[in-house]
Amino acid sequence: ASSAQPVDHDVVVIGAGFTGMYALHTLRDLDVVCFEAGDGVGGTWYWNRYPGARVDIESMQYSYSFDDDLQQEWRWPEYFSPQADLEAYANHVADRFGLRERIRFSTRVDGLRFDEATDRWHVSVAGGAPVTARSVIAATGALNARNVPDFPGFERYQGEWHHTSAWPRDGVDFTGKRVGVIGTGSTGIQSIPVIAAAADHLTVFQRTPAYTLPAFNRPLDEAHEQDWKTNYRQRRAEMRTNTAASYRTSEVNHGSVFDHTPEQQREILEQAWSMRNGLLFLTTFTDTMTSLEANEVVAEFIRQKIRETVTDPVVAERLSPRTYPVGSKRICMDTGYYETFNRPNVELVDLRETPIVAFTEHGIRTADRDHDLDVVVLATGFDGVTGSFLRLDVTGVDGITLREKWQHRATNYLGLMVAGFPNLFMIHGPGSPGVLSQMISSGEWQVEWVTRLIRELRERGISRIDTTPEAEQGWGAEMDEMAEHTLYQYADSWYVGANIPGKPRQFMIYIGGFDRYTSRCEQVAQDGYEGFVLTPARASV
Ligand code: NA7
């Protein structure tokens, strides 16, 4: 064969994280190749190896459900797994199901172009030969494109710096060092206590305080493990039919906040506080995420906890979120976060009072003074939900790029496809429940829906599936309608793209619940893929 002719595959999977690996497994009888930018599997749990990185959903449920032997045999050492255990699990799955030979590691996809003559995607990769494929599954992750803010003078800084999602494999030695952490989202909140314990001095640069709950992490006890293993079948089934694809360990729905006296509210919230589940904490009362007054009761409960924990009242007040409802930014789960601010070597800088003016050669200059720092840690998050897809540099029908198409809004249908980009399926993309669900289970579900469709198209001789602008409009209206009735729109979070300068503001996540989402998608499939246009393959010449 001529070397100019790219090798053709049935499917290209982009990303060997949890959903990409499952797509490979599900399509094991087809010709599938997976491109992975990292040199190992695990995706989010490969990249985010910063100190204290840990999942905030219990591991017995934040794991694959597709293979009963796997879930019976695998042992999670801790209730909430640290990054290393999740990465080890990903490696075990890759070996156990023979996925590795179809993954090309250290290979970043840097271009996708749809060829309308052949109904195939041309996939180009950095430093490698391009390939073609009928379908592409972009399993690139909702939190993958890292955000390195454009700080004035950043290039002048002579010290060491790391973004938390590009952490050196061998770690960073903080001994005897003056360290600065910028960012107090989930990542900052997990890393700050660990860095504080290792560093000589830690300065935390906080722009917006977060609401965080104690994780109460501990080694997984055998009784709890056995309880799960005995009941896995039924619990997994239950998870597939609830709002967050996650298992409720106890009855948490107590009606409206205002059905209760202040004493009762406090008692119920105390119980929910110790439940170790942030997503479910927000559903303790039915109106926490729909009424500002109800939300304030829950928010004030957390502020009271901060005041009880942090000894300096000025610091406690700075740590207390007041500008947005609890839950409208991702709620965090921490291990000793507020306690860390009682340490003598930890200092909190409130960037609302004293903003960062610039980086200097030796550190960070805020409005009031210079902070000399040996190491700066950027816990500044991601260009969430859309960033990883845009980075692929996608060109669809009529030469329209995804960047152009999404300039004003990340339109899509069912969170799975974008009109004008046929045969390209997104997992955890905008319009899907993604980060408001337990993502391994909701990812499994999306992969199953997509791979079933890919098979069906093959059997029916369909070479092209696309959605329509009308279908996108309908889905967009449905998304907006649902978001309007919630408090999520009130925070400048990555949920709405507000953390990235110039990004269009839009609530990107399907908020109607995982259960409603899955029944909508099932209905669409049953109705012969309503909202999609299926084109049969042209007779070959
Ligand atoms: P997040 O939650 O987006 O947090 C990023 C943090 O960095 C947040 O506190 C930001 O403050 C701060 N930030 C971002 N840019 C700047 C600049 N320019 N100056 C100062 N501070 C800044 O990212 P994470 O990695 O913590 O968590 C991402 C998700 O991973 C999380 O939600 C979980 O689902 C898992 P801001 O709030 O924007 O004022």
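**Ligand shell, parallel sheet and nonpolar core**

By class, the shell around the ligand is made up of eight nonpolar, 10 polar and two charged residues. The structure described here is a predicted model. Of the 20 residues around the ligand, those that come nearest are Pro149, Gly183, Gly185, Arg330 and Gly381. Helix H5, which spans residues 186-198, supplies the largest share of this shell, namely three residues.

Helix H5 is also associated with a sheet. This sheet is open and consists of five strands in the order E7-E16-E8-E9-E12, with parallel pairing. Strand E7 and strand E12 (346-350) stand at the edges and have a single partner strand each, so that one side of each is left without a neighbour in the sheet. From one strand to the next, the twist averages 15°. H5 packs on the sheet, where it touches E8, strand E9 (201-206), E12 and E16, and the direction of the helix makes about 170° with that of E8.

At the E7 edge, the pairing of E7 with strand E16 (residues 375-378) runs in the parallel sense over four bridges. Within this pairing, His163 has Leu378 in E16 as its bridge partner.

The loop between strand E7 (160-163) and strand E8 (178-182) contains Val172. This residue is classed as partly exposed because 17 other C-beta atoms lie within 10 Å, whereas a buried residue would require 20 or more and an exposed one 12 or fewer. When residues up to four places away in sequence are not counted, Val172 touches His162 and Val375. The C-alpha atoms of Val172 and Glu160, which are 12 residues apart along the chain, are separated by 9.7 Å.

The largest nonpolar core comprises 142 residues, of which Val12, Val13, Met21, Val136, Ile137, Ala138 and Val181 touch the most other members. Helix H14 (residues 439-459) gives the most to this core, contributing seven residues. For Val181, leaving aside neighbours within four places in sequence, the contacts are Gly188, Ser191, Ile192, Ile195, Leu202, Val204, Phe205, Val377 and Ala379. Val181 lies in E8, given the span of that strand (178-182), and the contacts Gly188, Ser191, Ile192 and Ile195 fall in H5 (residues 186-198). Among the remaining contacts, Leu202, Val204 and Phe205 belong to E9 (201-206), and Val377 belongs to E16 (residues 375-378).

Definitions and conventions: Residues are numbered from 1 along each chain as its sequence is written. This is a predicted model: local features need pLDDT of at least 70, side-chain atom pairs count only at pLDDT 80 or more; totals for chains, interfaces and linings use all residues. A residue is near a molecule or strand if its C-beta atom, placed from the backbone, lies within 6 Å of it. Helices (H or I, at least four residues) and strands (E, at least two) are DSSP runs, numbered from the N terminus. Ala, Val, Leu, Ile, Met, Phe, Trp, Tyr, Cys and Pro count as nonpolar, Asp, Glu, Lys and Arg as charged, and the others, Gly among them, as polar. Two residues are in contact if their C-beta atoms, placed from the backbone, lie within 7 Å. Two strands pair if DSSP finds at least two bridges between them. Axes are lines fitted to C-alpha atoms, for helices over the stretch in contact, and angles run from 0 to 180 degrees between N-to-C directions. A nonpolar core is a set of buried Ala, Val, Leu, Ile, Met, Phe, Trp, Tyr and Cys residues joined through C-beta atoms within 7 Å.
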